[in-house]
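The following exercises are to be worked through with the sequence and the model in view. Each task is followed by a solution in steps.

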Amino acid sequence: MNGLENLLGKCKEYAFDLEFNRAKQWKSEDDKRVLVGYMPIYFPREILHAVGAMGVGIFGGGDRKQIIKGDAYYQSYICHIPRSIIELALDKHMEHLDGFIFPSICDVIRNLSGIFKQLKVGKFVKYMDFPQNFLPEVGGKFYQDEMKHVLKYIKEINGVKLTTENLNHSIELYNKNRKLIEHIYNVRQEFPWRISIEDLYHVIRAGTVIPVEEHNEILEELCAIIDEDIGAPMDKIKVVVSGAFCEQPSIGLIKAIEEAGCYVVDDDYMLGSRMILADIDSKSDNPLEAISNAYINHSQYSSSIYDVHNPKEYRLAKIVKERGADGVIFASASFCDPSLLDAPIFQNAFDELGIRYIAFQYSENINQYKVIKEQVGTFSDSIKLWED
Amino acid sequence: MNDTIYTMGVDVGGSYIKCVLVSYNKEINDHKVLDKQTEKIRKRNPKIVASEIVTDLLKRNNLDYDKDISYLASTGEGEMVERKTGHFYSMTSHSRGGKHFFPDAKTVVDMGGLYVRAIKIDEKGKVMDYKMTGQCASGSGQFIENISRYLGLAIEEVGQMSLKADNPEIPSGICAVLAETDVINLVSKGLSTPNIVKGINLSIAQRVVKLLGALKAESPIALVGGMGMNEGMVQAVEELAEGKKNRDFKFLSSKDAIYSGAIGAALWGGFRYYKLKEKGVTL
């Protein structure tokens with residue numbers, strides 16, 4: 001069991017290292033290495049890896065960073081994550097990062113990219129639009145152009161040109177990464193007591209701030225451990241958590257949900273690491289197109305994607321069914337427009353489909369969970385005791 | 001057919017940890033509380049205290065956790081109970097505990113160390129609605145404990161002392177700090193200890209009666225939780241409720257009221273054990 005404890009301890013340390021020390025160390029080993037910070041939800045890290053760069057996930061300061069300056073940049077009715085990201089930037093936590101990518105999530109993140117430009121943080125700041133048109137010749141083409149734009153920035157810094165061979169190799173590494181993460185979720189679906197959601201969260205979040213090769217080794221080791229019959233089951237309901245894809249709940253909240261009587265068998269906490277649902281073609285002559293096709297054809301739904309032909313409420317319902325979940329917990333960050341605007345769509349559909357759910361809001365820095373625990377505990381009890 | 005199982009309930013509260021051992025038989029719809037134990041947490045680690053109580057109870061009854069206990073349920077601050085089968089939310093547990101003491105109860109009032117909660121229940125003990133006090137400590141058992149300490153009384157003496165009152169004065173019911181200052185003033189004024197204690201009970205009872213009104217509570221009402229054992233508190237609640245228009249409440253209390261959460265958890269544990277067994281699930 002010591003092996004597991006050591007592994008999880010290491011991931012916990014990486015996951016909440018707001019100085020990004022492992023990434024810093026990686027960069028210091030070679031002059032040509034470039035670090036690129038990316039915000040939620042998703043960014044194709046393969047393209048960075050292929051040109052000697054590393055993506056560093058910037059998921060806010062959570063409950064580990066006191067916000068003083070960040071509040072001056074946003075009104076009180078704006079979510080919390082941009083404040084803590086600004087605070088991290090102004091306090092020089094990200095000084096060693098060369099550039100920043102702000103994938104399109106909402107207006108707040110778009111404005112955050114503008115603030116980064118004004119503050120002249122990093123050598124480049126890129127607000128990256130993702131296609132809302134899911135035709136390969138339209139949205140796919142657009143997405144490839146966006147990726148080329150990012151590659152241009154990296155080349156300006158380290159002079160490394162993208163090769164097909166390198167990108168295919170990077171794709172293979174990230175395919176493996178996604179497969180291993182999915183394996184853990186599959187194990188948890190049947191045996192959720194083998195690794196807690198809190199520990200799993202640390203493991204996946206750690207993967208956003210360390211080299212993918214190292215993360216794959218951790219995941220392989222972890223998979224071997226949890227494939228064994230470890231831990232003791234408890235009488236809990238199984239739930240899917242949805243809505244927490246950008247601003248991350250504090251670890252205390254993630255833990256509180258399981259403590260209150262639930263096993264979380266699927267979630268969208270670190271959605272970016274699980275965004276692509278199938279292997280990306282790693283033998284293609286045009287790997288950028290392969291990445292684009294994977295996004296167009298095999299990406300997870302999210303509140304920042306408007307795919308009218310593939311309604312997200314039914315996609316979530318499918319996850320609930322496939323995972324054998326007893327219900328859904330809608331956890332939205334306060335003032336998160338995408339999540340809160342989607343909530344009634346999900347809830348109306350679930351009322352019709354007979355899927356049980358509860359909903360609450362959180363902020364990344366809250367550390368009082370009594371009310372949420374009461375809500376989750378009551379939800380769990382009502383299913384355990386009163387459902388057939 | 002002997003299909004009796006043993007279950008345990010551990011209720012981790014703000015001040016005390018309560019543990020019970022129950023025998024449960026679904027076939028003949030019977031259960032018995034076989035043993036019980038309470039420990040004040042003081043400044044100890046609640047995890048260690050909870051573990052020690054469970055071990056004590058098992059040892060006293062010659063039982064082995066792995067072999068003999070079909071379900072150990074925690075309630076309250078459940079994360080403090082490391083070895084368990086499941087957890088039930090405290091409102092769910094107290095409702096079932098109230099039903100155990102008084103099968104006819106339609107409302108259960110959980111009067112604990114940190115808050116008071118009035119819960120409307122159906123005939124199976126299912127929670128239908130509830131109201132609870134706010135965060136202020138002046139409406140809690142912890143407040144009574146503090147005051148009893150200042151007055152040099154053991155917590156067990158508070159109930160009987162309150163019954164001796166003849167002219168109580170009610171301190172502030174809004175804030176524990178103000179109330180404590182009020183009590184100091186009452187002592188300085190020379191008010192007798194029974195009258196001070198009764199005044200405090202009345203102050204908390206006011207909140208209880210308000211909750212019952214807001215909940216549109218139905219009678220009979222079971223008073224459970226630590227304060228449910230305080231005869232003076234029960235009397236204070238009865239007196240104040242009597243004065244309310246259109247209220248014909250019948251209050252029920254038990255000397256074991258502090259165990260309602262633990263008993264409820266243990267009984268729900270038994271219920272879950274059989275439910276899971278029917279589904280072919282063993283934990």
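In this predicted model, Gly261(A) has a positive phi of about 115° and comes just after helix α10 of chain A. The first exercise concerns that helix.

**Exercise 1.** Determine how many of the 9 residues of α10(A) are buried, and state which elements of chain A the buried residues pack against.

*Solution.*
Step 1. Locate the helix: α10(A) covers residues 251-259.
Step 2. Apply the criterion for burial, namely 20 or more other C-beta atoms within 10 Å of the residue's own. By this criterion 7 of the 9 residues are buried, and the helix is mostly covered.
Step 3. List the buried residues: Ile251(A), Leu253(A), Ile254(A), Ala256(A), Ile257(A), Glu258(A) and Glu259(A).
Step 4. Identify their surroundings. The buried residues pack against the helices α8 (197-206) and α14 of chain A, and also against β5 (237-242), β6 (262-266), β7 (327-333) and β8 (357-362).

**Exercise 2.** Describe the contact between chain A and chain B by its residues.

*Solution.*
Step 1. Count each side: chain A contributes 13 residues and chain B contributes 15 residues.
Step 2. Find the main contributor on the side of chain A. Helix α14 (residues 370-386) of chain A supplies the largest share, 7 residues.
Step 3. Sort the side of chain A by class: 6 residues are charged, 4 are nonpolar and 3 are polar.

**Exercise 3.** State in which sense β1(B) pairs with β2(B), and in which sense it runs relative to β4(B).

*Solution.*
Step 1. Place β1(B) at residues 5-12, where 7 of its 8 residues are buried.
Step 2. Consider β2(B), residues 16-25. The pairing with β1(B) is antiparallel, over 8 bridges. A hairpin through 3 residues joins the two strands, and Gly9(B) stands opposite Val20(B).
Step 3. Consider β4(B), residues 69-76. This strand runs parallel to β1(B), with 7 bridges between them, and Thr7(B) stands opposite Tyr71(B).

**Exercise 4.** Describe how the two domains of chain B are placed and how they meet.

*Solution.*
Step 1. Set the bounds: domain 1 comprises 5-95 + 260-278, and domain 2 comprises 103-253.
Step 2. State the separation: the C-alpha centres of the two domains lie 26 Å apart.
Step 3. Count the contact: 9 residues come from domain 1 of chain B and 17 residues from domain 2 of chain B.
Step 4. Examine the side of domain 1. Helix α3 (residues 90-101) of chain B gives the largest share of this side, 4 residues. By class, the side has 7 polar, 2 nonpolar and no charged residues.

Technical notes:
Residues numbered from 1 in each chain as written. Chains lettered and ligands numbered in written order. Predicted model: local features only at pLDDT ≥ 70, side-chain atom pairs only at ≥ 80, totals over all residues. Buried ≥ 20, exposed ≤ 12 C-beta atoms within 10 Å, placed from the backbone. Pairing = 2+ DSSP bridges. Contact = placed C-beta atoms within 7 Å. Nonpolar A, V, L, I, M, F, W, Y, C, P; charged D, E, K, R; others polar. Domains from an automatic or database assignment.
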